[in-house]
Amino acid sequence: MEEKYDFGLVGLGVMGRNFILNVADNGFSAFGHDLDVEKVNALKNEGNKAHKIDASTSIKTFVKALKQPRKIMLLVPAGKIVDSVIESLLPHIDRGDILIDGGNSFFTDTDRREEELQKRAVNFFGAGVSGGAKGARLGPSIMPGGSKSAYAHIKPIFEAVAAKYDGEPCVAYLGPKSAGNYVKMVHNGIEYGLMQLTSEIYDLLKKAGDFDNDEVHNSFKKWNEGRLQSFLVEITSQIFKQEDDESNERLIDKILDKAKQKGTGKWTSQNAMDLGIPVPTIDIAVNMREISALKSERTAADKIYDRPKVATMEKAKLEKLAEEALYFSFIVTYAQGLHVLAEASKEYGYQLDISVIAKIWRAGCIIRAALLADITEAFEKDKDLPNLLVSPNFVDKVQGSVASARELVAFGAKNGIPLPGLSNSLIYFDAYTTTRLPLNLIQAQRDYFGSHTYERLDKEGIFHTEWESK
């Protein structure tokens, strides 16, 4: 009788091929499927004799090759193609089989698919995978959500292929339904915020300190050796050393300033609004990508308006302020994203453990950072922590860095350097830590023109006033 394979994967693009090779590297037999003959052959060629790995363009052959319950992962683009792949699999799979969507699907799509597949007694997982192509090959952070009992069949494989932090695999069962896809969505929202912040600090170093690319490289490299140690700060330092193959200049200076997006940052921002949780640093990061796309309009507008002459700041001072401001705003961005996760857990019944999420983000994923060890500890000490900013673990860190954020935001405003991520981080912090905001006036206005009522400071109840025109 022909021996069956442990794991199946549909979608043999760069991510899929790397992931299935990672599975095979860790001692599991794996079978791939793709309609593209070249991709199937590439996997067969790349798998050496040490691997038990095969692939086919036939969906029937693919499914038939797998052990039951079949563990089939989809690494295909989010959207209709996921539904199309599921439809192609359904005639061939059996009750109890497990389908895993490893793409960036919107969480409500995952809920819909799980509900439909439950009727057929097929288990469905949404499992966010972070780390890019290199992470998929060498060890990503994986964020699965779905049936807890079915996860027992996937767990050994996922724990083997995931990145390791001090020997601990960066994967954990997160919760029912779309918990995994939701956590990955917010991960990406945080990623948007951190990327925007690093770009603003780069802009400041260039414009206010006249740093050349080597100096920017050195600053980020130095920061990556300290408390800002993170994947994004590390790769940012490396970017400034990259030579352009077509000129004698650095590549960074040849790249068009129009940033694209795939939607996960926008989804985070939109859903946070639905939940009533403020994430202004993430919001503005999405907005800035949209503004960046208006290149021709920006260029025309730049010719119309005068700008302040940018004052120069002593390099050592600017570098110190920049490190402290970036550290402050990184903390604030994580705080916003984790606040969304806590609220979503209650709203959607995910039963998320924030300390576990922070723990599996410590290695493998794009937002991995030294800060996550401190964040893990903060939420292990207090599972019901409402916001990272009120954790005793973080008060001193924030107090010691917020003054630099204030100084740079003021400097940017005075000198016409846009620092929206840094500004929104500071505004969020100031608003969140202010006992009394001027929103009493907004409530009065709403009651005045729309009889929307208001509450009072001095007694319980809902009130309405017939306002007098003076």
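In which loop does Lys177 lie? Lys177 is found in the loop between β9 (168-169) and α8. The structure discussed here is a predicted model. The protein is divided into domain 1 (7-177), domain 2 (184-432) and domain 3 (438-470). This briefing covers the domains, the aromatic pairs, the backbone features and a surface patch.

**Domains and annotation**

- The centres of domain 2 and domain 3, taken over C-alpha atoms, are separated by 38 Å.
- UniProt, in an unreviewed entry, lists residues 180-468 for "domain: 6-phosphogluconate dehydrogenase C-terminal".
- Over residues 180-468, helix accounts for 64% of the chain and strand for 0%.
- The end C-alpha atoms of that stretch, residues 180-468, are 54 Å apart.

**Aromatic pairs**

- The structure holds 20 aromatic pairs.
- One of them is formed by Tyr5 and Phe31, which meet edge-to-face, with 5.1 Å from centre to centre and 80° between the planes.
- Tyr5 belongs to the segment before β1 (7-10) and Phe31 to strand β2 (residues 30-33), so this pair ties together parts that are 26 residues apart in sequence.
- Tyr5 and Phe31 are both buried.
- Phe107 and Tyr182 also form an edge-to-face pair, at 4.9 Å centre to centre and with 80° between the planes.
- Because Phe107 lies in helix α5 (residues 107-118) and Tyr182 in helix α8 (residues 179-209), the pair ties together parts that are 75 residues apart in sequence.
- Phe107 has a relative accessible area of 4% and is therefore buried, the cut-off for this being under 20%.
- Tyr182 likewise counts as buried, because its relative accessibility is 0%.
- Phe107 and Tyr182 belong to one aromatic cluster, which also contains Phe106, Trp267, Tyr348 and Tyr350.

**Backbone features**

- Gln68 and Pro69 are joined by a cis peptide bond, with omega at about -5°.
- Pro69 is located in the loop between α3 (59-64) and β4 (71-74).
- Lys177, in the loop between β9 (168-169) and α8, has a positive phi of about 55° although it is not a glycine.
- Lys177 counts as partly exposed because its relative accessibility is 33%, a value judged against the bounds of 20% and 50%.
- Asp210 is not a glycine either, yet it has a positive phi of about 55°.
- Asp210 lies in the loop between α8 and α9 (213-224).
- With a relative accessibility of 60%, Asp210 counts as exposed, for which the cut-off is over 50%.
- Helix α8 thus borders two of these loops: Lys177 lies in the loop between β9 and α8, and Asp210 in the loop between α8 and α9.

**Surface patch**

- Leu437, Leu439 and Ile442 form a nonpolar patch on the surface.
- Together, these three residues have about 230 Å² of accessible area.
- Within this patch, Leu439 is placed in helix α20 (residues 439-450).
- Leu439 has a relative accessible area of 42% and is therefore partly exposed.

Note on methods. Residues numbered from 1 in each chain as written. Predicted model: local features only at pLDDT ≥ 70, side-chain atom pairs only at ≥ 80, totals over all residues. Heavy atoms only, no water. UniProt positions renumbered as here; feature names shortened; annotations may be inferred. Helix = DSSP H or I, 4+ residues; strand = E, 2+ residues; numbered from the N terminus. Patch = residues over 30% accessible without salt bridge, like charges linked within 9 Å, V, L, I, M, F, W, Y side chains within 5 Å. Areas by Shrake-Rupley, 256 points an atom, 1.4 Å probe, with all protein chains shown as cover. Salt bridge = Lys/Arg side-chain N within 4 Å of Asp/Glu carboxyl O. Buried < 20%, exposed > 50% of the residue type's maximum accessible area, 1.4 Å probe, protein only. Domains from an automatic or database assignment. Phe/Tyr/Trp six-rings, centres within 6.5 Å; stacked < 30°, edge-to-face > 60°.
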